[in-house]
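Reader: I am new to this structure and should like to learn how its features are read. May we go through them one at a time?

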Amino acid sequence: SQQAADLLRVSRPHLIKLLDEGQIPFHRVGTHRRVRLEDVLAYRRTRSEERREKLDELARLSEDFEGGYR
């Protein structure tokens, strides 16, 4: 799980929260959580796309306001 957290650039406790919330699939081997690389990369890709969409939306909104970003 630490390697997955490092790949996502988040803390290990935050990664555990994401796993427990079901945002990233995992399975247990004894007391250890195992996460597939493909699932971590898919989560990172989705998060990046969502971030890009929100930033584009903010840019559009700022252009709508008088004296906004130009």
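Author: Let us begin with confidence, since this is a predicted model. Within the chain, the mean pLDDT is highest in helix α2 (residues 12–20), at 97, and lowest in helix α3 (residues 37–64), at 92.

Reader: What does the chain average in pLDDT, and what share of the residues score at least 70?

Author: The average over the chain is a pLDDT of 92, and 93% of the residues score at least 70.

Reader: I should next like to understand backbone angles. What is to be noted about the phi of R9?

Author: The general idea comes before the case. Most residues other than glycine have a negative phi. In this model, R9 has a phi near 60°, which is a positive value in a residue other than glycine. R9 belongs to the loop between α1 (2–8) and α2.

Reader: Is R9 buried or exposed?

Author: A residue counts as exposed when its relative accessible area is over 50%. R9 has a relative accessible area of 79%, so R9 is exposed.

Reader: Let us turn to salt bridges. How many does a search of the whole structure find?

Author: For this feature one looks for a side-chain nitrogen of Lys or Arg within 4 Å of a carboxyl oxygen of Asp or Glu. The search of the whole structure finds three such salt bridges. One of them pairs D20 with R33, whose closest N and O atoms are 3.8 Å apart. Because D20 lies in helix α2 and R33 in strand β2 (residues 32–34), the pair ties together parts that are 13 residues apart in sequence.

Reader: Why does R33 count as buried?

Author: The cut-off for buried is under 20% relative accessible area. R33 has 17% relative accessibility and therefore counts as buried.

Reader: Which side chain meets that of E38 in a salt bridge?

Author: The partner of E38 is R36, at 3.4 Å from N to O. R36 also meets D39 in a salt bridge, at 3.9 Å from N to O. Salt bridges with shared partners thus join R36, E38 and D39 into one network. As for exposure, E38 is partly exposed at 48%, R36 is partly exposed at 47%, and D39 counts as buried at 19% relative accessibility.

Reader: How far apart are the C-alpha atoms of P25 and D39?

Author: The general idea here is to set a distance in space beside a separation along the chain. The C-alpha atoms of P25 and D39 are separated by 6.7 Å, while the two residues are 14 residues apart along the chain. P25 is located in the loop between α2 and β1 (27–29), and its relative accessible area of 46% makes P25 partly exposed.

Reader: Finally, I should like to read the surface. Which residues form a nonpolar patch there?

Author: To read a patch, one asks which residues form it and then how accessible a member is. The nonpolar patch on the surface consists of L55, L58, L61 and F65, which together have about 430 Å² of accessible area. Among them, L58 lies in helix α3 and is exposed, with a relative accessible area of 54%.

Reader: Which residues form the negative surface patch?

Author: The negative surface patch is made up of E49, E50, E53 and D56. One of these, E49, has its place in helix α3. With a relative accessible area of 40%, E49 is partly exposed.

Methods
Residues are numbered from 1 along each chain as its sequence is written. This is a predicted model: local features need pLDDT of at least 70, side-chain atom pairs count only at pLDDT 80 or more; totals for chains, interfaces and linings use all residues. Side-chain values use heavy atoms; hydrogens and water are left out. pLDDT is the predictor's confidence in each residue, from 0 to 100. Helices (H or I, at least four residues) and strands (E, at least two) are DSSP runs, numbered from the N terminus. Patches are made of residues with over 30% relative accessible area and no salt bridge: like charges are joined within 9 Å, nonpolar side chains (Val, Leu, Ile, Met, Phe, Trp, Tyr) within 5 Å. Accessible areas come from the Shrake-Rupley method with a 1.4 Å probe; for residues, only the protein chains shown count as cover. Buried means under 20% relative accessible area, exposed over 50%, partly exposed in between (1.4 Å probe, protein chains only). Lys and Arg count as positive and Asp and Glu as negative; His and the chain ends are not counted. The place of a charge is taken as NZ of Lys, CZ of Arg, CG of Asp or CD of Glu.
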